[in-house]
Amino acid sequence: MQEAAVRADEILDGTFAAIKPSVHWTHGQSTEGNCDVQRRRAVMTIISEERRGSFLGVIERYWEGQGYKQLSVNNSDIPAMYYRTPDGFNVRVLVGSNGQAFFEVATPCVKVSKVSPPKAETVGPNYAGKRIPFPDVKSDFWSGKSSPSSRT
């Protein structure tokens, strides 16, 4: 489980490194099942309704560039994308109506072991183990109220 948790963290680290301009984020609750681990992160940067498509597009291009297979897309008021990595990890991003994006990586079933908390330093306050507030960081780009130009 520990090795799988580290791999889940690597998947999240890579995804967040691909988001340009970068966003503030915090760890969400990590959970351990009978044979799997879920790692979560919440974005604390406000993603405006006008920029959600661009935000999801950045993630989609990165995940597909990594060879992840698309499982499902939800285009409702709470857009979401679901993918599976070549090594069997399920990844998800959804954007809530308040402009907060939530990421989750679920490991495949692995041998049970003790699992350490994620080691990555958050960008902004760390709300791990606490209630995560609504996003409160404004970005000139991601919180913008106009559609991005084709040059961005």
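**Figure 1. The hairpin of β6 and β7 in the predicted model.** Strands β6 and β7 form a hairpin in which five residues lie between them, and Gly99 in the turn has a positive phi of about 85 degrees. The structure shown here and in the other views is a predicted model. The pairing of β6 with β7 is antiparallel and extends over six bridges. Within this pairing, Leu94 has Phe102 in β7 as its bridge partner. Strand β7 is mostly covered, since five of its six residues are buried.

**Figure 2. Pairing of β3 with β7.** Strand β7, which spans residues 101–106, also pairs with β3, which spans residues 37–43. The two strands run antiparallel and are joined by five bridges. One position in this pairing is that of Arg39, whose bridge partner in β7 is Val105. Strand β7 is thus bridged both to β3 and to β6.

**Figure 3. The hairpin of β5 and β6.** Strand β5 is joined by five bridges to strand β6 (residues 90–95), and the two run antiparallel. Across this pairing, Ala80 stands opposite Leu94 in β6. Leu94 is also the residue whose bridge partner in β7 is Phe102. The hairpin has five residues between its strands, and Gly88 takes a positive phi near 90 degrees there. A glycine with positive phi is likewise found in the turn of the β6 and β7 hairpin, namely Gly99.

**Figure 4. The hairpin of β4 and β5.** Strand β4 (residues 69–74) pairs with strand β5 (residues 80–84) in the antiparallel sense, and five bridges make up the pairing. A hairpin of five residues connects β4 to β5. Lys69 has Arg84 as its bridge partner in β5, while Ser72 stands opposite Tyr82 in β5. On the pairing with β6, Ala80 of β5 faces Leu94.

**Figure 5. Packing of helices α1 and α2.** Which geometry describes the packing of α1 and α2? Helix α1 (residues 2–18) packs with helix α2 (residues 52–65) at an angle of about 130 degrees, and their axes are 9 Å apart. The two helices are therefore oblique to each other. Their crossing is right-handed. At the contact, Gly14, Thr15 and Ala18 of α1 meet Val58, Ile59, Tyr62 and Trp63 of α2. By class, this contact comprises five nonpolar residues, two polar residues and no charged residues.

**Figure 6. The cis peptide bond between Lys20 and Pro21.** Lys20 and Pro21 are joined by a cis peptide bond with omega of about -10 degrees. Lys20 is placed in the loop between α1 and β1, and Pro21 is also placed in the loop between α1 and β1 (25–27). Is Lys20 buried or exposed? Lys20 counts as exposed because its relative accessibility is 57%. The C-alpha atoms of Lys20 and Asn126 are 21 Å apart in space, and these residues are 106 residues apart in sequence.

**Figure 7. Surroundings of Ser48.** Ser48 is located in the loop between β3 and α2. With a relative accessibility of 3%, Ser48 counts as buried. Which residues are in contact with Ser48, leaving aside its neighbours within four places in sequence? The contacts of Ser48 are with Trp142, Ser143, Gly144 and Lys145.

**Figure 8. Surroundings of Ser139.** Ser139 lies in the segment after β7. Ser139 counts as buried because its relative accessibility is 17%. When residues up to four places away in sequence are not counted, Ser139 touches Thr45 and Gly144. Gly144 is also in contact with Ser48. Although Ser139 and Val23 are 116 residues apart along the chain, their C-alpha atoms are separated by 7.9 Å.

Notes:
Residues numbered from 1 in each chain as written. Predicted model: local features only at pLDDT ≥ 70, side-chain atom pairs only at ≥ 80, totals over all residues. Heavy atoms only, no water. Axes fitted to C-alpha atoms, helices over the stretch in contact; angles between N-to-C directions. Helix = DSSP H or I, 4+ residues; strand = E, 2+ residues; numbered from the N terminus. Parallel < 35°, antiparallel > 145°, perpendicular 65-115°, else oblique. Left-handed = near helix turned anticlockwise from the far one by under 90°. Contact = heavy atoms within 4.5 Å. Nonpolar A, V, L, I, M, F, W, Y, C, P; charged D, E, K, R; others polar. Pairing = 2+ DSSP bridges. Buried < 20%, exposed > 50% of the residue type's maximum accessible area, 1.4 Å probe, protein only.
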